[in-house]
Structures are given as structure tokens and as C-alpha cells.
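Let's take a walk through this fold together, starting from a single side chain and working outwards. Keep the viewer open as you read.

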Amino acid sequence: MNYQEQDTYGMYRNRTDGGPGPGLMGANTLDGNDVYNRKDEDLGDIKEIMLDMGTGRVAYAVLSYGGFLGMGDKLFAVPWSALTLDTVNKRFVLDVEKDRLENAPGFDKDQWPDMADATWSKEIHDYYGVTPYSDGRV
């Protein structure tokens with residue numbers, strides 16, 4: 001599913017009069033969006049958008065990968081800065097090989113990590129090769 005298919009308010013349907021997107025998007029329209037890598041391999045879909053309540057910035061997208069019909073899915077917190085919106089294909093791109101994602105630090109739906117922990121955050125950002133926005137990256 002993509003953001004246009006989840007657009008209940010018509011934000012993205014009529015682009016002749018301006019409107020939001022792709023520079024400003026509704027968070028709920030991004031849930032469920034597909035994520036692919038640069039090799040056009042399906043890496044899963046976005047399940048949650050995690051906001052840093054102290055800064056008001058998007059910190060992570062929670063990506064679901066693997067499993068079957070929602071069973072056995074592995075979840076990954078992907079730093080927002082590691083994702084790029086592909087407006088042509090209406091999906092996100094994560095510049096990571098499929099096997100690297102399979103080996104990424106992940107978690108299951110019943111055991112979420114403390115995403116506010118600075119050590120955990122540094123490990124995740126380092127894994128995906130991006131700098132946390134708290135270190136000067138916007």
C-alpha cells in the first residue's frame with residue numbers, strides 16, 4: 001500500500017493546486033508503505049513512525065520484514081534519515097542489501113527496545129551509516 005492509497009483527506013490526489021507532499025506528508029499515510037532497496041528488492045513495509053516527543057522530529061520508522069501474513073515478522077527500527085521517499089514508485093528506499101537487513105539488530109512485537117537509550121540509538125544509526133539528528137543532522 002502507498003501513501004496515495006491511504007489518503008483519506010485527498011491531500012495527494014490533486015497536485016495542480018499545491019497541497020502537501022512530498023515535502024510535508026501525513027504520518028498516518030506513510031504507515032504500510034513499502035520499502036525497497038536500490039536493487040529493487042522488497043524489504044518490507046513501515047508499521048510505525050516513531051516521534052521524538054522532546055524535539056518533535058521523526059526519529060525512526062519501524063520496518064516489518066519476513067514472516068507470512070504477519071506471523072513471524074521481524075521488526076527493525078530504521079533511522080528516518082536512512083530512508084528516501086521514491087515519489088515515482090510511491091514507496092521508500094533504504095540503501096541496504098537484503099542480507100544486511102536480515103542481519104540487522106531487530107526485535108519482535110512483544111519485546112521493543114528502549115529507543116530513547118543513547119547507546120542503542122548510536123548502534124542503530126551506525127549500522128545504517130547515518131548520523132543521529134541530535135548530532136547535528138536534520
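A good place to begin in this predicted model is Val-78, which touches Ala-59, Tyr-60, Ala-61, Leu-63, Leu-83, Leu-94 and Tyr-128, leaving aside residues up to four places away in sequence. Val-78 is also among the residues with the most contacts inside the largest nonpolar core, a set of 30 residues. Val-35, Phe-76, Leu-83, Leu-94, Leu-101 and Tyr-128 share that listing. As a rule, nonpolar side chains in soluble globular proteins tend to be buried together.

Which elements give two or more residues to this core? They are strand 2, strand 3, strand 4, strand 6 and helix 2. Strand 3 gives the most, with six residues.

Now step back to the sheet. Six strands form an open sheet in the order 4-3-2-1-6-5, and their pairing is mixed. At the edges you will find strand 4 (74–79) and strand 5 (83–86), each of which pairs on one side only. On average, neighbouring strands are turned by 40 degrees against each other, direction ignored. For a look at one pairing, follow strand 1 (residues 34–36) and strand 2 (residues 42–52): they run antiparallel and are joined by three bridges. Here Tyr-36 has Asp-42 of strand 2 as its bridge partner.

Helix 2 (residues 118–128) packs on this sheet, where it touches strand 3 (57–65), strand 4 and strand 6 (91–94). The direction of helix 2 makes about 85 degrees with that of strand 4.

What joins the side chains of Ser-121 and Tyr-60? It is a polar contact of 3.0 Å. Ser-121 sits in helix 2, and its relative accessibility is 14%, so this serine counts as buried, the cut-off being under 20%.

Aromatic rings are worth a look too, and the count comes to four aromatic pairs. In one of them, the ring centres of Tyr-60 and Trp-120 are 5.2 Å apart with planes at 65 degrees; the pair is edge-to-face because that angle is over 60. This pair links distant parts of the chain, as Tyr-60 belongs to strand 3 and Trp-120 to helix 2, 60 residues apart. Both Tyr-60 and Trp-120 are buried.

Tyr-127 and Tyr-128 make another edge-to-face pair, with ring centres 5.4 Å apart and planes at 75 degrees. Are these tyrosines buried or exposed? Tyr-127 counts as buried at 18% relative accessibility, and Tyr-128 is buried with a relative accessible area of 11%. With Tyr-128 you are back where the tour began, since this residue is one that Val-78 touches.

Technical notes
Residues are numbered from 1 along each chain as its sequence is written. This is a predicted model: local features need pLDDT of at least 70, side-chain atom pairs count only at pLDDT 80 or more; totals for chains, interfaces and linings use all residues. Side-chain values use heavy atoms; hydrogens and water are left out. Two strands pair if DSSP finds at least two bridges between them. Helices (H or I, at least four residues) and strands (E, at least two) are DSSP runs, numbered from the N terminus. Axes are lines fitted to C-alpha atoms, for helices over the stretch in contact, and angles run from 0 to 180 degrees between N-to-C directions. Contact means heavy atoms within 4.5 Å. Buried means under 20% relative accessible area, exposed over 50%, partly exposed in between (1.4 Å probe, protein chains only). A polar contact is a pair of N or O atoms within 3.5 Å; within protein, one must be able to donate a hydrogen and the other to accept it, and residues adjacent in sequence count only if both atoms are side-chain atoms. A nonpolar core is a set of buried Ala, Val, Leu, Ile, Met, Phe, Trp, Tyr and Cys residues joined through side-chain atoms within 4.5 Å. Rings of Phe, Tyr and Trp (its six-membered ring) pair if their centres lie within 6.5 Å; planes under 30 degrees apart count as stacked, over 60 as edge-to-face and the rest as tilted.
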